[in-house]
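Trainee: I would like to practise reading a structure. May I ask how each label is earned?
Mentor: Please do. Take a look first.

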Amino acid sequence: MHNGGSAVLAGGVTMCAGPVLPARQPSSPSIPAKGVDYYQKLGVTPFINAAGTYTVLSGSTMPEEVQAAIALASLEPVNILELRDAAGTYLAKRLRCEAVLVTSGAAAGLTLGAAACLTRGNKDAILNIPADLTGLKNEVIVQKAHRYDYDHAIRNCGVRFVEVETMEEYDKAFNDKTVMTQFFNAGEGGKISREDWIRIAHKHDVPCFNDAAADVPPVSNLWNYTQMGFDLVTFSGGKGLRGPQCTGLLLGRKDLIDAAKLNNSPFSNTIGRGMKVAKEEIVGLVAAVDWFLSQDDATLEAEFRKRADLIAARLKSLPTVETKTFIPAVANHVPHLLVTYDQNRIKIPASDVMLKLRQGNPRIELNPGTGGSPASAGLPGGSNTIIVGVWMLQAGEDAIVAERLYEVLDSAVQG
């Protein structure tokens, strides 16, 4: 459908309000066709993921339970609005919040959450943003230290940021144009705590948004921030949750989630029309949440440390090599292995180590912070620092990474 926004919104409501037909008995699933290896057919070589859940590296891999749920969901059509709402109701109960919307990623969650705060169900506003914000509040308050590479997802709605650094500046920044406040959960250097950020926003009766895209594990973060008082929180579905890469969670107040839905696909002529989420992706993320909530933080950490220790043990005989397990404070809060060495004895920069592993067989991708400036999530940097992300490794791949790292570093030993 490509008719006007108001008509589509009205049509969507009518569709949801109509009589509910009795559930049809599912037909017998068709026998799956033998899969074709399209990576091979297209000439794209997969790799061992010793980096992490980076979007450019296709995020995480999905557990078998999630893959099976997606495959089953692909066999039959459903009404997307019904599935969207059913998934939201189910997830809200599991995640201990008022309402949930499955989005096409955490960045889409930022856009839809901002649009919800702007429009609050106003059909004309939904149709007109971002070009025409007449009569709408349009200022988003943010800590200067929390400006980041995802600002555009919010600016897509036509708003402008107002930067603050101190509590006094924050309190004084509110006016009749303030539409929401934005907090980057993994932001470094900000002087205002989460609790104070929420308290001041609510004193001014303004919604408070938290971008926590990469901030699970721990499992409890899925409800920590809404229970803390954030009105909206977004998470990536394709990182620690291990769901489909093109999914995300938008959690929070029911009135704001309802407003976000009206700005989203399948409604045409909305800012979120291109942020479509397929039935398979919705089901896949629900299955991923179920899988993730069945995990134990301590057990996961122990497994990741075991992988890091295996790699470290293989490298310990190399001259000047030192290893350390490092856990970032917030985002990607899992063990990473840091490998450092004296470049006077091992004459190869870490960036070249990363390149040699990428070009080897099998291909191996190290954390992109290897050999460069300090990486995201508080990971240190340096020309002699190798960062191994162990949490996306599959069974046995830790040993392969260990051997290849040893070979590359050993070949560069001098004297």
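Trainee: What is the sign of phi in Arg96, the residue that follows H4?
Mentor: Positive, near 60°. Keep in mind that this is a predicted model.

Trainee: How do you know that the span of helix H4 agrees with its number of residues?
Mentor: H4 covers residues 80-94, which is 15 residues. At 1.5 Å a residue, they should span 21 Å. The end C-alpha atoms are 21 Å apart, so the span agrees.

Trainee: Which residues of H4 are buried?
Mentor: Leu81, Leu83, Arg84, Ala87, Gly88, Leu91 and Ala92.

Trainee: What makes these buried residues of H4 one face of the helix?
Mentor: Look down the axis of H4. The buried residues fall within an arc of 160°, so they line one face. The face turned away from that buried side carries the exposed residues Glu82 and Lys93.

Trainee: Which atom of Asn79 reaches the backbone nitrogen of Leu81 at the start of H4?
Mentor: A side-chain oxygen of Asn79, to within 2.9 Å. The cut-off for a polar contact is 3.5 Å. The pair from Asn79 and Leu81 is within 2.9 Å, so it meets that distance limit.

Trainee: How many disulfides does a search of the whole structure find?
Mentor: Zero. Cys97 is in no disulfide. Its nearest cysteine sulfur, in Cys117, is 15 Å away. A disulfide needs two sulfur atoms within 2.5 Å, so that pair does not qualify.

Trainee: How do you know that the sulfur of Cys246 is too far from the sulfur of Cys157 for a bond?
Mentor: The sulfur in Cys157 is the closest cysteine sulfur to that of Cys246, and it is 19 Å away. The limit is 2.5 Å, so there is no disulfide for Cys246.

Trainee: Why is Cys97 called buried?
Mentor: Its relative accessible area is 15%. Buried means under 20%, so Cys97 earns the label.

Trainee: Why is Cys246 called partly exposed?
Mentor: Cys246 has a relative accessible area of 44%. That value falls between 20% and 50%, so the label is partly exposed.

Trainee: What is notable about phi in Ser58?
Mentor: Phi is positive, about 70°, although Ser58 is not a glycine. Ser58 sits in the loop between strand S1 (48-50) and helix H3 (64-73). Its relative accessible area is 47%, so Ser58 counts as partly exposed.

Trainee: What is phi in Asn269?
Mentor: Near 60°, a positive value in a residue other than glycine. Asn269 belongs to the loop between helix H11 (254-262) and helix H12 (279-293). With a relative accessible area of 44%, Asn269 is partly exposed.

Trainee: Is the peptide bond from Ile129 to Pro130 cis or trans?
Mentor: Cis, with omega near 5°. Pro130 lies in the loop between helix H6 (123-128) and strand S3 (139-143). The bond from Asn361 to Pro362 is also cis, with omega near 5°. Pro362 is in the loop between helix H14 (350-359) and strand S11 (364-366).

Trainee: How do you know that the radius of gyration agrees with a compact globule?
Mentor: For 415 residues, a compact globule would have a value near 22 Å. The protein chain has 23 Å, which agrees. Buried residues make up 49% of the chain.

Notes: Residues are numbered from 1 along each chain as its sequence is written. This is a predicted model: local features need pLDDT of at least 70, side-chain atom pairs count only at pLDDT 80 or more; totals for chains, interfaces and linings use all residues. Side-chain values use heavy atoms; hydrogens and water are left out. Helices (H or I, at least four residues) and strands (E, at least two) are DSSP runs, numbered from the N terminus. The expected span of a helix is 1.5 Å times one less than its number of residues. Buried means under 20% relative accessible area, exposed over 50%, partly exposed in between (1.4 Å probe, protein chains only). The arc is that of the directions from the helix axis to the C-beta atoms. A polar contact is a pair of N or O atoms within 3.5 Å; within protein, one must be able to donate a hydrogen and the other to accept it, and residues adjacent in sequence count only if both atoms are side-chain atoms. The radius of gyration is taken over C-alpha atoms; the globule rule is 2.2 Å times the number of residues to the power 0.38.
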